[in-house]
Amino acid sequence: MATPGQWIAGARPRTLPNAVVPVMVGTGVAVGDGGFVWWRAVLALLVALSLQIGVNYANDYSDGIRGTDDQRVGPMRLVGSRAATPRQVLTAALGCFAVAAVLGLVLVVVTRAWWILLVGVACIGAAWFYTGGKRPYGYRGLGEPAVFVFFGVVPVMGTAYVQTEQLSWTAFLASIPVGLLSCSMLVVNNLRDVQTDSTSGKRTLAVRLGAERTRALYVLCQVVPFVVALAMIAVTPWAALAALAAPLAVTPIRTVLGKAVGPALIAVLQQTGKLQMAYGLLFAVGLAITL
């Protein structure tokens with residue numbers, strides 16, 4: 001039986017900025033538009049966290065039963081390390097998805113936007129089929145595009161919508177840097193595992209591109225968000241506050257371009273998460289200011 005600490009580790013806490021940042025930024029848009037509703041923002045955050053933890057457990061389960069995690073470079077996995085049975089991890093994943101579905105349904109009811117149900121189904125489907133099913137798209141190099149959509153565009157625009165009950169171009173533009181920073185987390189994670197993934201037959205985008213091009217992709221995902229934030233000055237001048245997080249990008253970019261491999265990239269994942277949180281907070285504040 002896995003310990004509580006192992007279950008927490010299996011939830012992959014370092015990936016949780018992927019859930020928190022989009023909600024912060026979407027809420028910043030809502031505040032700026034004069035439509036902030038705190039309890040809807042909280043529900044949106046709980047939905048996002050449930051989906052993030054659910055997809056982490058689902059990936060643990062799917063990769064574990066395939067044997068992909070038998071030889072790991074990164075943090076422990078519940079199934080791969082035999083700390084928990086596949087059935088236990090699958091139950092945890094489905095439980096998280098159920099929580100997200102119930103909380104999401106509350107937001108659907110209060111907004112009366114029934115089309116959000118389809119978005120919710122798509123989110124859960126994307127979470128499961130990333131490494132689940134017979135033809136997981138994460139094994140075919142499509143993980144990064146999915147992360148951009150489901151941890152960028154969808155949650156930022158969705159969080160803003162459930163509060164303001166309207167779609168806006170500001171929310172869409174704000175979702176672009178958020179999606180790219182979420183992608184950078186996956187890019188460095190896959191760069192770390194490129195050798196073991198290649199051996200196990202997991203054809204991630206990093207495996208397809210090769211290490212050098214993946215390093216360039218990581219830098220792109222780190223730099224473009226600052227370009228977008230500065231470009232958004234024309235829409236909302238205070239969005240430029242996000243540029244204050246730029247120094248946090250220096251060390252991880254330097255490490256990645258310095259040919260770091262394997263365990264040396266674990267620290268980069270943590271640094272990327274810190275950058276993501278700092279950028280998200282500053283960006284959200286900037287979007288909220290209407291002076």
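**Exercise 1. The salt-bridge network around Glu 212**

Lys 259 has a relative accessibility of 47% and counts as partly exposed. The model is a predicted one. Task: find which residues are linked with Lys 259 in a network of salt bridges, and place each of them in the chain.

Solution.

Step 1. Start from the lysine. The side chain of Lys 259 meets that of Glu 212 in a salt bridge, at 2.5 Å from N to O. This pair joins distant parts of the chain: Glu 212 belongs to helix α10, while Lys 259 sits in the loop between α11 (247-257) and α12 (266-288), 47 residues apart.

Step 2. Look for a second partner of the glutamate. The side chains of Glu 212 and Arg 215 also form a salt bridge, here at 3.7 Å from N to O. Both of these residues are in helix α10 (residues 211-231), three residues apart, or about one turn of the helix.

Step 3. Compare accessibility with the cut-offs. Buried means under 20% relative accessible area, and partly exposed lies between that and 50%. Arg 215 has 5%, so it is buried. Glu 212 has 45%, so it is partly exposed.

Result: Glu 212, Arg 215 and Lys 259 make up the network.

**Exercise 2. A salt bridge between α3 and a later loop**

Task: determine whether the two partners of the salt bridge between Asp 63 and Lys 202 are buried or exposed, and state where in the chain they lie.

Solution.

Step 1. Confirm the contact. The Asp 63 and Lys 202 side chains meet at 3.2 Å, N to O, in a salt bridge. Asp 63 is in helix α3 and Lys 202 is in the loop between α8 (194-200) and α9, so placed that the pair links distant parts of the chain, 139 residues apart.

Step 2. Check the accessibility of each partner. Asp 63 counts as buried because its relative accessibility is 4%. Lys 202 is buried too, with a relative accessible area of 7%.

Step 3. Set the pair in context. The model holds five salt bridges by the rule of a side-chain nitrogen within 4 Å of a carboxyl oxygen.

**Exercise 3. Helix α3 and the nonpolar patch**

Task: describe the span of helix α3 and find which helix gives the most residues to the nonpolar surface patch.

Solution.

Step 1. Take the span. Helix α3 contains 29 residues, and its first and last C-alpha atoms are 42 Å apart, close to the 42 Å expected at 1.5 Å a residue.

Step 2. Look at what comes after the helix. Gly 67 follows α3 and has a positive phi near 85 degrees.

Step 3. List the patch. Its members are Val 31, Phe 36, Trp 38, Trp 39, Val 42, Leu 46 and Val 106, which together have about 620 Å² of accessible area.

Step 4. Assign the contributions. Helix α3 (residues 38-66) gives the most, with four residues. Val 31 is instead located in helix α2 (residues 17-32). Its relative accessible area is 34%, and Val 31 is therefore partly exposed.

**Exercise 4. Positive phi outside glycine**

Task: for Arg 12 and Glu 165, find where each residue lies and how accessible each one is.

Solution.

Step 1. Note the backbone angles. Arg 12 is not a glycine, yet has a positive phi of about 55 degrees. Glu 165, also not a glycine, has a positive phi of about 60 degrees.

Step 2. Place the residues. Arg 12 is in the loop between α1 (4-10) and α2. Glu 165 is in the loop between α6 (143-164) and α7 (169-192).

Step 3. Classify them. Arg 12 counts as buried because its relative accessibility is 14%. Glu 165 is partly exposed, with a relative accessible area of 39%.

**Exercise 5. The positive patch**

Task: name the residues of the positive surface patch and describe the setting of Arg 208.

Solution.

Step 1. Identify the members. Arg 135, Arg 140, Arg 203 and Arg 208 form the patch.

Step 2. Place Arg 208. This residue is in helix α9 (residues 205-209).

Step 3. Test it against the patch cut-off. A patch residue needs over 30% relative accessible area. Arg 208 has 45% and is partly exposed.

How values were computed:
Residues numbered from 1 in each chain as written. Predicted model: local features only at pLDDT ≥ 70, side-chain atom pairs only at ≥ 80, totals over all residues. Heavy atoms only, no water. Patch = residues over 30% accessible without salt bridge, like charges linked within 9 Å, V, L, I, M, F, W, Y side chains within 5 Å. Areas by Shrake-Rupley, 256 points an atom, 1.4 Å probe, with all protein chains shown as cover. Lys, Arg positive; Asp, Glu negative; His and termini not counted. Charge placed at Lys NZ, Arg CZ, Asp CG, Glu CD. Helix = DSSP H or I, 4+ residues; strand = E, 2+ residues; numbered from the N terminus. Buried < 20%, exposed > 50% of the residue type's maximum accessible area, 1.4 Å probe, protein only. Expected span 1.5 Å × (residues − 1).
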